[in-house]
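Subject: Structure handover

Hello,

Here is the structure you are taking over. Please look through it before you read the notes underneath.

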Amino acid sequence: MHWTEKMFVAEPDLFRASLEARIEKTPEEIEGLVTIFNEYGVPDGGLVLDLACGIGRVSVPLAKLGYTVVGVDLSPSYIGFAKDYAEREGVSDRTRFIVGDMREVEKVLSEYLEAFDIVINMWTSMGYWDEETDLRILRQCLSLTKASGFFLMHTANRDNLVRRFQAHDFSISDDGIVMLMERELDLETSRMINFWSYYRKEGEDLRFLDRLEVNHRIYSLHELKEQFIDAGWRFIAVYGGLNQRKLTIDTFSMVLVAQK
Ligand SMILES: C[S@@+](CC[C@H](N)C(=O)[O-])C[C@H]1O[C@@H](n2cnc3c(N)ncnc32)[C@H](O)[C@@H]1O
């Protein structure tokens, strides 16, 4: 089973907790996202494709601001959560959540006739397969977008990941889940291979829950820029985060903006 199938479909709950925890940080991200939309003229209330939308963490707040959002994600569990989240927030009429594989997003959206003002791909949601697959996804998104429409990708900054590479790390969440992270960096393929072991705190003891693999291609700016151009997009901007700071070797994330 490919690691994405295990982590997001077969055993979605452990990572869903991380997605839910990130909802708290999302208002700041939405503010940055909308500032960038406005900077490049994405229309107010435009039509957004949230590619790999997860639990609707970004789609739902955008819909609350008046955008119409279609979210596609591989995980039936996350899509179920996204629909409930939209309903709770009163935006079911401006959202549509679809279970589907972004590697065949054109087919997934074949009955959806309207072209998008912008495609967003948030929180390092590509690079899960090989470069050729990512290229095919970018090409499909080009054909799903209006003339002069946009693609915004928010992802990890490889050069920073390499600079601050730590082979071991851990985290403890408020609900007592301890996560041990082991990382390998394959310099030949530029893939980061992570093993995340989850434990529940029980008094002084840790009870093992599961071990998940996350294996993804990490891209430098110049590589992603080339991918966009090869896919037929015009590369127009890059930032070192959604707050539009300058991209440097010290910024954790990068935000790329491309136009059709
Ligand atoms: C790191 S999470 C980010 C979720 C969301 N973009 C966010 O910012 O909250 C990656 C997401 O990619 C989804 N995903 C993985 N493989 C996919 C595929 N082949 N097609 C669509 N979604 C996929 C996962 O289910 C998961 O929700």
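The notes below cover the ligand site, one helix and one strand residue.

The model is predicted, so please read every distance and area as computed from that model.

Ligand site. The ligand is surrounded by 19 residues, and the closest are Ala52, Arg57, Asp73, Asp101 and Met102. By class, the shell holds 12 nonpolar, 4 polar and 3 charged residues. A nitrogen atom of the ligand sits 2.9 Å from a side-chain N or O atom of Asp101. Met102 contributes through its backbone: an N or O atom there is 2.8 Å from a nitrogen atom of the ligand. With Arg57, the pair is a polar side-chain atom and an oxygen atom of the ligand, 2.6 Å apart. The ligand on its own exposes 600 Å², of which the protein buries 98%.

Helix H7. This helix covers residues 131-144, and its end C-alpha atoms are 20 Å apart. That agrees with the expected span, because 14 residues at 1.5 Å a residue should also give 20 Å. Its buried residues are Thr133, Asp134, Leu135, Ile137, Leu138, Gln140, Cys141, Leu142 and Leu144. The cover over them includes strands E1 (47-51), E4 (116-121) and E5 (145-156), along with helices H6 (105-108) and H9 (221-230).

Ser253. Ser253 belongs to strand E11, residues 253-259. Is Ser253 buried or exposed? Ser253 counts as buried because its relative accessibility is 18%, and the cut-off for buried is under 20%. Leaving aside residues up to four places away in sequence, Ser253 touches His154, Thr155, Ala156, Asn157, Tyr239, Gly240, Gly241 and Leu247.

Regards

Note on methods: Residues numbered from 1 in each chain as written. Predicted model: local features only at pLDDT ≥ 70, side-chain atom pairs only at ≥ 80, totals over all residues. Heavy atoms only, no water. Helix = DSSP H or I, 4+ residues; strand = E, 2+ residues; numbered from the N terminus. Buried < 20%, exposed > 50% of the residue type's maximum accessible area, 1.4 Å probe, protein only. Contact = heavy atoms within 4.5 Å. Expected span 1.5 Å × (residues − 1). Near = heavy atom within 4 Å. Polar contact = N/O pair within 3.5 Å; in protein donor to acceptor, adjacent residues only side chain to side chain. Areas by Shrake-Rupley, 256 points an atom, 1.4 Å probe, with all protein chains shown as cover. Nonpolar A, V, L, I, M, F, W, Y, C, P; charged D, E, K, R; others polar.
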